[in-house]
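I opened my notebook for a slow walk through this one. Have a look alongside me, and follow the entries in order.

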Number of protein chains: 2
Amino acid sequence: MKNEIKPFVIGLDLGGTNSVFGIVDSRGEIKATTAIKTQSYTTAQDYVDASVEALQVIIEQVGGIDKIKAMGIGAPNGNYYNGTIEFAPNLSWGCDGVVPLAKMFEQRLGIPVALTNDANAAAIGEMTYGVARGMKNFIVITLGTGVGSGIVVNGQLVYGSDGFAGELGHTVVRHRGNRHCGCGREDCLECYCSATGVARTAKELLTTTTEPSLLREMNVDDITSLDVSIAAGKGDALAKRIYEFTGEILGEACAHFTAFSAPEAYIFFGGLTKAGDLLMEPLKRAYDKHVLKIYKGKAQFLVSGLDGASAAVLGASAIGWEI
Amino acid sequence: MKNEIKPFVIGLDLGGTNSVFGIVDSRGEIKATTAIKTQSYTTAQDYVDASVEALQVIIEQVGGIDKIKAMGIGAPNGNYYNGTIEFAPNLSWGCDGVVPLAKMFEQRLGIPVALTNDANAAAIGEMTYGVARGMKNFIVITLGTGVGSGIVVNGQLVYGSDGFAGELGHTVVRHRGNRHCGCGREDCLECYCSATGVARTAKELLTTTTEPSLLREMNVDDITSLDVSIAAGKGDALAKRIYEFTGEILGEACAHFTAFSAPEAYIFFGGLTKAGDLLMEPLKRAYDKHVLKIYKGKAQFLVSGLDGASAAVLGASAIGWEI
């Protein structure tokens, strides 16, 4: 059967809590969707069985498997070259070994399956359906619980020699020596510019100063990045400074990334982007201050053009078109 | 005339002092060579005229222009996309504007001409004739008066959206706030890991400590990286520490670069590599210490495989094969 009469791809956004499946057309319209709980299974085989069972329903809804070209998976610690999930710390059935997930789905569904990490999926999603359409050199930075990145150079995703390139959340911009990162190192970008990083900055500022703030009404350990946004939106000076600090570190980091691949745009994706100009204004100011002269004024700073709720599924599905 | 009967390319290593031309075959053998002084000309036109005059002689030696496929130029501030040299601070005839050098040579020689900066030329040279043959993902770092870089991803040089990607010498690893860089910023890698950076470290250590050292016999402002190597070779502890410090910063920087493109190798090129293990051992130790766990033990650390004296010409010539 020819490719042109296979109008759909399957996307799987494999998260620590939910696994969301979507069947997507070439314009990025989601035709059918379903989900299972990621962690309700003890083995990868059980997980794939449950996934395929859920998928059968929506595959029938769009006319059967013959209508589907391929499947793309965005998953933590996903290795594109091998189609594997490798030692993913947050997956009960994937934390202590190498799971050949792409192959397992391929065998069950009879279509090609490719897999990469969620940030790379986001980058391909932006290039296929989002604000990076037509761009050949850009960097997507995902600002969620952690900080991820997907780098596109010459229109191709950068996977590197081992399939794990693009971990910009684990570069260090400010060596303060006081924030331990989940990766075992100190002061990674992720310790500052993720949702949890913003909460850590809030705690740091609240416990080392006596400055009045709406945030003092809360238990310091319960404060989230959303609480900080809300307080900042009410004009709280300390809350605004937390986002300024976050944006400054991220902007300075981007200035260094530009020395690598001189992208035409940075595209930010994920929960923290909801802070809007609170984050983006200090980010752009810090970038302009720190970037090398020859690059000044060239890069755009954009927020993901994909619909928030389905962005990750769209990103994953986009990998399906690349196969 | 078909390509296969054009066995040679011209390489031009355009430096601040000398412009060296070579005619090179596909195995990297230099068949003929000539040179002119770069700065003896007041206009780019005069420079090109003198170059072509010198080139005519060696072109005839290899059988005429019909034997030559193309010309590649490695030049400071070279822009591959436009074939231009842009505001090159060290060139009398190229410092205050945009010189369309590739086009000027093309019109005079009647063959295709491509141009890029010297570090990118080195990377293409390593891929074509040197230790990176067969590699798809690697980074060349040039350690000379400055620090340059040429990055290869998926077998292609990374030029970025503007032709100026790959300025890793102008990323910052240690914010000490005390070394001003020629680029106008503080503490760039180049301030520490170039030949001049090593001399600056020598001066810093000699003026802030009273530790005995062979280097104290010299005027502190006259000490070069070569003097430091020689002293270290004689067992001088302070001189060794200067290279340790240099290697540590470079190794830590490479650990961050790996988070970007996960190269299979770093290839070091230029004068400072003559320090050998004095530099490479602390470099590798610092890399292992700072690199993210998933990348540990994967990258090779190599020294350029191109003959020192002709390496830059070979690199430039290699661009000719890419056209």
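Before anything else, a definition I need: I call two strands paired if DSSP finds at least two bridges between them. With that in hand, I looked up strand 10 and strand 11 (residues 156-157) of chain B, and found them joined by two bridges and running antiparallel. I also note that I am working with a predicted model.

**Entry 1: the turn after strand 10**

I followed the register first: Val152(B) has Leu157(B) as its bridge partner in strand 11 of chain B. Strands 10 and 11 of chain B make a hairpin, with two residues between them. In that turn I found Asn154(B) with a positive phi of about 55°.

**Entry 2: the other neighbour of strand 10**

Which strand pairs with strand 10 of chain B over six bridges? I found strand 9 (residues 138-143) of chain B, and the sense is antiparallel. Here Val152(B) is the bridge partner of Phe138(B). This pair is a hairpin as well, with three residues between strand 9 and strand 10 of chain B.

**Entry 3: which way the side chains go**

I reminded myself that in a regular strand the side chains alternate between the two faces of the sheet. In strand 10 of chain B, I listed Val147(B), Ser149(B), Ile151(B) and Val153(B) as pointing one way. Gly148(B), Gly150(B) and Val152(B) point the other way. Are the residues on these two sides buried or exposed? All are buried. With seven of its seven residues (147-153) buried, strand 10 of chain B is therefore largely enclosed by the rest of the structure.

**Entry 4: the sheets of chain B**

I then placed strand 10 in its sheet, an open one of five strands in the order 11-10-9-12-13 (chain B), with mixed pairing. Strand 11 and strand 13 (300-303) of chain B are at the edges with a single partner strand each, so one side of each has no neighbour in the sheet.

I also looked up an open sheet of three strands in chain B, ordered 5-6-7 and paired antiparallel. Its edges are strand 5 (78-79) and strand 7 (98-99) of chain B; each has a single partner strand, so one side of each is left without a neighbour in the sheet. Strand 6 (residues 84-86) of chain B meets strand 7 of chain B over two antiparallel bridges. Ile85(B) has Val99(B) as its bridge partner in strand 7 of chain B.

**Entry 5: a strand in chain A**

Over in chain A, I checked strand 4 (residues 68-74). Seven of its seven residues are buried, so strand 4 of chain A is largely enclosed by the rest of the structure. Strand 1 (residues 8-14) of chain A pairs with it in the parallel sense over six bridges, and Val9(A) stands opposite Ala70(A). Strand 8 (residues 113-116) of chain A runs parallel to strand 4 of chain A and is joined to it by four bridges. There, Gly72(A) has Ala114(A) as its bridge partner.

**Entry 6: an exposed threonine**

I picked Thr33(B), which is found in strand 3 (residues 30-37) of chain B. Its relative accessibility is 52%, and exposed means over 50%, so Thr33(B) counts as exposed. Leaving out residues up to four places away in sequence, Thr33(B) touches Val20(B), Phe21(B), Gly22(B) and Ile58(B).

**Entry 7: the core**

Which residues have the most contacts inside the largest nonpolar core? I noted Phe257(A), Tyr266(A), Phe268(A), Phe257(B), Tyr266(B) and Phe268(B), in a core of 106 residues. Looking beyond four places away in sequence, I found that Phe268(B) touches residues including Ile141(B), Leu143(B), Met280(B), Phe301(B) and Val303(B).

**Entry 8: how the chains meet**

I superposed chain A on chain B: a rotation of 180° with 0.0 Å of shift along its axis does it, at an RMSD of 0.1 Å. That is the relation of a two-fold axis.

The contact takes 39 residues from chain A and 39 residues from chain B. Together the chains bury about 3,200 Å², with 59% of it on carbon and sulfur atoms. In chain A, His256(A), Phe260(A) and Leu292(A) lose the most area to chain B, together 22% of what that side buries. Of the interface residues of chain A, 100% are also interface residues in chain B, so the copies meet through the same surface.

Last, I counted two salt bridges between chain A and chain B. In a salt bridge between the chains, the side chains of Lys298(B) and Asp162(A) meet at 2.8 Å, N to O.

Conventions
Residues numbered from 1 in each chain as written. Chains lettered and ligands numbered in written order. Predicted model: local features only at pLDDT ≥ 70, side-chain atom pairs only at ≥ 80, totals over all residues. Heavy atoms only, no water. Buried < 20%, exposed > 50% of the residue type's maximum accessible area, 1.4 Å probe, protein only. Least-squares fit on C-alpha atoms with pLDDT ≥ 70 in both. Contact = heavy atoms within 4.5 Å. Core = buried A, V, L, I, M, F, W, Y, C linked by side-chain atoms within 4.5 Å. Buried area = accessible area lost by both parts, 1.4 Å probe. Salt bridge = Lys/Arg side-chain N within 4 Å of Asp/Glu carboxyl O.
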